[in-house]
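Okay, thanks for squeezing me in. Let me put the model up, and then I'll talk through some helix packing and a pocket.

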Amino acid sequence: MDYDILTLQKSLTKIMTEKRFYHSLGVQGMSFALAIKYGYDMDKANLAGLLHDCAKDMKDEKLISECRKYNLPIREVENRNGFLLHGKLGAYYAEHKYGITDTEILSAIYYHTTGKPEMTPLEMIIFVSDYIEPNRSSKRIPALNSIRQTAFIDLNKATVEILENTLLYLEKTGQEIDQLTVDAYEYYRNRV
């Protein structure tokens, strides 16, 4: 895999807020570290981590209109919560704007927000890295430091803890829950 990471980083600074860009760098670094820990392809993890939010800095209406423009399927929950589309649209952008053809990288970007049952190692690495990257605040997520430690001991267990925390947070705040996240939680909680 031969991608110029510095060129990709520079291009992302043009479309992302500063905060989102530093978050993406954090996910990139965490993905690389978890790939080392679990013996996974570091280049793929590095690239997927960097590009995972390449469609995030858009309003819900724009995400929906872009998905329609490119004939990407929109589920009912996504139509009501357009921000959920940024992974799907991000995977499309990664392929069509940044030339990424590796289907595993594209899938990791696609599912990084909701998770899904039976994630590949890369999908799980990006999902976990997005949650635990160094710029996230443990003041906002009380169990964050514990989950960070768990991620370097047992990736499956960290995935379950993240899914459980996410579901509890969404329930507590009255936000709609994507069935993919519920399905992922049900799948992984029985495997740790």
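**Helix packing and the main pocket**

So, α9 and α10 are roughly antiparallel to each other, because angles over 145 degrees get that label. Their angle is about 155°, with the axes 7 Å apart; axes here are lines fitted to C-alpha atoms, for helices over the stretch in contact, and angles run from 0 to 180 degrees between N-to-C directions. On the α9 side the contact uses I147, T150 and A151, and on the α10 side L155, K157, A158, E161, I162 and N165, where contact means heavy atoms within 4.5 Å. That set divides into 5 nonpolar, 2 polar and 2 charged residues (Ala, Val, Leu, Ile, Met, Phe, Trp, Tyr, Cys and Pro are nonpolar, Asp, Glu, Lys and Arg charged, and the others, Gly among them, polar).

Quick housekeeping: this is a predicted model, so local features need pLDDT of at least 70 and side-chain atom pairs 80 or more, while totals for chains, interfaces and linings use all residues. Numbering starts from 1 along each chain as its sequence is written, and side-chain values use heavy atoms, without hydrogens and water. Helices are DSSP runs (H or I, at least four residues), numbered from the N terminus.

Now α10 again, this time with α8. Those two pack at about 55°, axes 10 Å apart, and are therefore oblique to each other, the label for whatever is not under 35, over 145 or 65 to 115 degrees. From α8 we have M124, I125, F127, V128, Y131 and I132, meeting α10 residues that include L155, A158, I162 and T166. By class that contact has 10 nonpolar, 4 polar and no charged residues.

Over at α1 (5–13) and α3 (42–51), the axes come within 11 Å and cross at roughly 10°, so α1 and α3 are roughly parallel to each other. I5, L8, Q9 and L12 meet N46, L47, L50 and L51, giving 6 nonpolar, 2 polar and no charged.

Last bit, the largest pocket. A pocket is an open set of points on a 1 Å grid over the protein atoms alone, where a 1.4 Å probe fits, with protein on both sides within 12 Å along at least five of seven lines; lining residues have an atom within 4 Å of a point. This one has 39 lining residues, with Y131, R136, R140, I141 and Y169 nearest its centre. The largest share of the lining, 8 residues, comes from α10. By class the lining has 14 nonpolar, 13 polar and 12 charged residues.
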